[in-house]
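Colleague: Before I plan anything at the bench, could we go through this model together, beginning with the ligand?

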Amino acid sequence: MRLFLDTANLDEIKKVAAWGVLGGVTTNPTLVAKEGADFHRRIRDIAAVVDGPISAEVLATDASGMVREAEILATLAPNVVIKVPVGEAGLTAAAELSSRGIPTNVTLIFSANQALLAALSGATYVSPFVGRLDDISQDGMAVVRETVEVFRQGGFATQVIAASIRHPIHVLDAAKCGAHVATVPFKVLQVMLHHPLTDVGVAHFLADWEKAKAHLTSAES
Ligand code: E4P
């Protein structure tokens with residue numbers, strides 16, 4: 001499973017890119033608005049750091065408006081993926097973009113049936129939102145699991161991005177379900193990376209090394 005970063009924050013993207021684990025980036029209008037940055041410039045800046053897919057979402061609510069926005073977004077960088085919300089307009093736009101070879105991420109997926117329709121429309125990715133379903137007492141990961149199964153059985157090339165990830169257990173569960181990608185907020189990646197016993201272990205090693213220094217030759221210290 002690949003890891004994407006769910007953010008429009010450049011510092012976070014640069015940090016995770018340096019860790020060598022960054023497979024791509026997903027943005028949405030909320031994440032871009034939080035940065036207070038120019039949308040198109042920010043996508044270009046992200047593309048200067050990230051080789052993998054970068055999802056940029058359209059804001060139009062009708063299919064032709066979505067396609068027009070997508071045409072512009074697709075010129076920003078070769079690895080831009082057009083994010084469209086699932087629905088009549090979204091599927092129509094995804095079908096049109098797919099026929100032109102422009103990759104799409106059909107987002108705001110809350111059921112495997114929505115994911116199936118998106119795959120049939122030619123979507124490159126679908127994004128089931130796990131956390132938002134969990135928030136309303138529904139099993140978000142079940143939608144990921146079911147979608148992966150439906151795509152496998154149907155032989156679809158569409159990839160499943162587990163989205164709306166809230167904590168590290170979501171990431172592991174998405175990997176176990178066979179999701180192709182999990183798109184993860186920076187703070188969740190940090191929690192995944194750190195463990196209190198690792199910190200204690202490093203502190204002990206350093207303290208022991210201080211004690212051992214007395215016995216080292218000058219060349220070793
Ligand atoms: C996915 O592409 C979305 O940007 C994101 O995962 C939404 O997550 P949220 O429910 O935390 O807003």
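**The ligand and its surroundings**

Modeller: The residues around the ligand, meaning those with a heavy atom within 4 Å of it, are D6, T26, N28, K83, F129, R132, A163, S164 and R166. This is a predicted model in which local features need pLDDT of at least 70 and side-chain atom pairs count only at pLDDT 80 or more, while totals for chains, interfaces and linings use all residues. Residues are numbered from 1 along each chain as its sequence is written, and side-chain values use heavy atoms, with hydrogens and water left out.

Colleague: How far is an oxygen atom of the ligand from an N or O atom in the side chain of R166?

Modeller: A polar contact is a pair of N or O atoms within 3.5 Å. In the side chain of N28, an N or O atom is 2.7 Å from a ligand oxygen, and a polar side-chain atom of R132 also lies 2.7 Å from an oxygen of the ligand. For the side chain of R166, the distance to a ligand oxygen is 3.0 Å.

Colleague: What share of the ligand's accessible area does the protein cover?

Modeller: Accessible areas come from the Shrake-Rupley method with a 1.4 Å probe. On its own the ligand has 350 Å² of accessible area, and the share of this that the protein covers is 85%.

Colleague: What percentage of the residues of the protein chain count as buried?

Modeller: Buried means under 20% relative accessible area, computed with a 1.4 Å probe on protein chains only. The protein chain has 221 residues, and the buried share of them is 46%.

Notes. Buried < 20%, exposed > 50% of the residue type's maximum accessible area, 1.4 Å probe, protein only. Polar contact = N/O pair within 3.5 Å; in protein donor to acceptor, adjacent residues only side chain to side chain.
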